[in-house]
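This report describes how two helices pack in one chain and which residues form its nonpolar core. Please keep the sequence and the model in view while reading.

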Amino acid sequence: MSYFRQQPHIYQKIARQRKQFHNESANRLISKGAKHIFVEDLNTKGLTKRNKVKQDENGKYLSNGQAAKSGLTKSILDNGWSQFVDILTHKAANAGMSVVKVNPKNTSQICSCCNAYVPKDLSVRVHECACGYIADRDVNAAINIKKVGWASSSLKNAQVGQPAREAHTVICDSVWEYVTMYC
Ligand SMILES: [Zn+2]
């Protein structure tokens with residue numbers, strides 16, 4: 001029997017605290033007055049699938065990236081990303097703002113300054129590019145998420161000539177950090 005099933009009140013307390021954290025975080029983002037908020041469209045179902053077992057020609061087991069993925073998966077599930085995005089979307093709509101979900105593919109690997117591909121695994125927390133741009137991994141990813149969000153949506157055309165204020169959301173290992181960029 002799991003710890004949480006033996007201690008249901010502890011689980012309820014955690015769920016309540018998590019929801020409160022989601023509400024407070026959403027309020028904080030909304031209060032920045034951004035017109036559009038770009039978030040990673042995380043498919044938690046896909047992320048929770050186990051990686052395939054990899055073997056070489058001699059049957060020796062090779063790394064399949066499961067350990068790194070487990071950390072990320074745990075973080076996403078623990079933090080209830082989809083619940084947060086739902087709360088944020090609801091609050092944004094009430095405030096006349098929009099939440100744009102963006103496919104995060106390669107957003108942590110591409111340099112947001114020069115577009116070079118800079119491969120790094122999850123343990124590398126700093127983005128360091130040959131072009132000279134150095135940034136926190138999540139900040140670099142957030143800027144890319146904003147770019148992809150603008151490029152892939154109809155927002156760009158609608159906003160031509162108008163100053164835009166945007167908020168980015170970033171998830172870190174176990175907490176979310178919010179970065180606001182003004183341009
Ligand atoms: Zn670069």
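A crossing of two helices is left-handed if the near helix is turned anticlockwise from the far one by less than a right angle, and right-handed if clockwise. Helices (H or I, at least four residues) and strands (E, at least two) are DSSP runs, numbered from the N terminus. The model is predicted: local features need pLDDT of at least 70, side-chain atom pairs count only at pLDDT 80 or more, and totals for chains, interfaces and linings use all residues. Residues are numbered from 1 along each chain as its sequence is written.

The chain has seven helices and eight strands. Helix α2 passes α5 in a right-handed crossing. In the contact between α2 and α5, residues meet when their C-beta atoms, placed from the backbone, lie within 7 Å.

| Helix | Residues | Residues in the contact |
|---|---|---|
| α2 | 8–31 | H22, N23, S25, A26, N27, L29, I30 |
| α5 | 81–94 | Q83, F84, I87, L88, K91, A92 |

The largest nonpolar core is a set of buried Ala, Val, Leu, Ile, Met, Phe, Trp, Tyr and Cys residues joined through C-beta atoms within 7 Å; a residue is buried if 20 or more other C-beta atoms lie within 10 Å of its own. Of the 18 residues in this core, I37, F38, V39, V85, L88 and V99 touch the most other members. The largest share, five residues, comes from α5. V85 touches V39 and V99, not counting residues up to four places away in sequence.

Terms used:
Axes fitted to C-alpha atoms, helices over the stretch in contact; angles between N-to-C directions. Contact = placed C-beta atoms within 7 Å. Buried ≥ 20, exposed ≤ 12 C-beta atoms within 10 Å, placed from the backbone.
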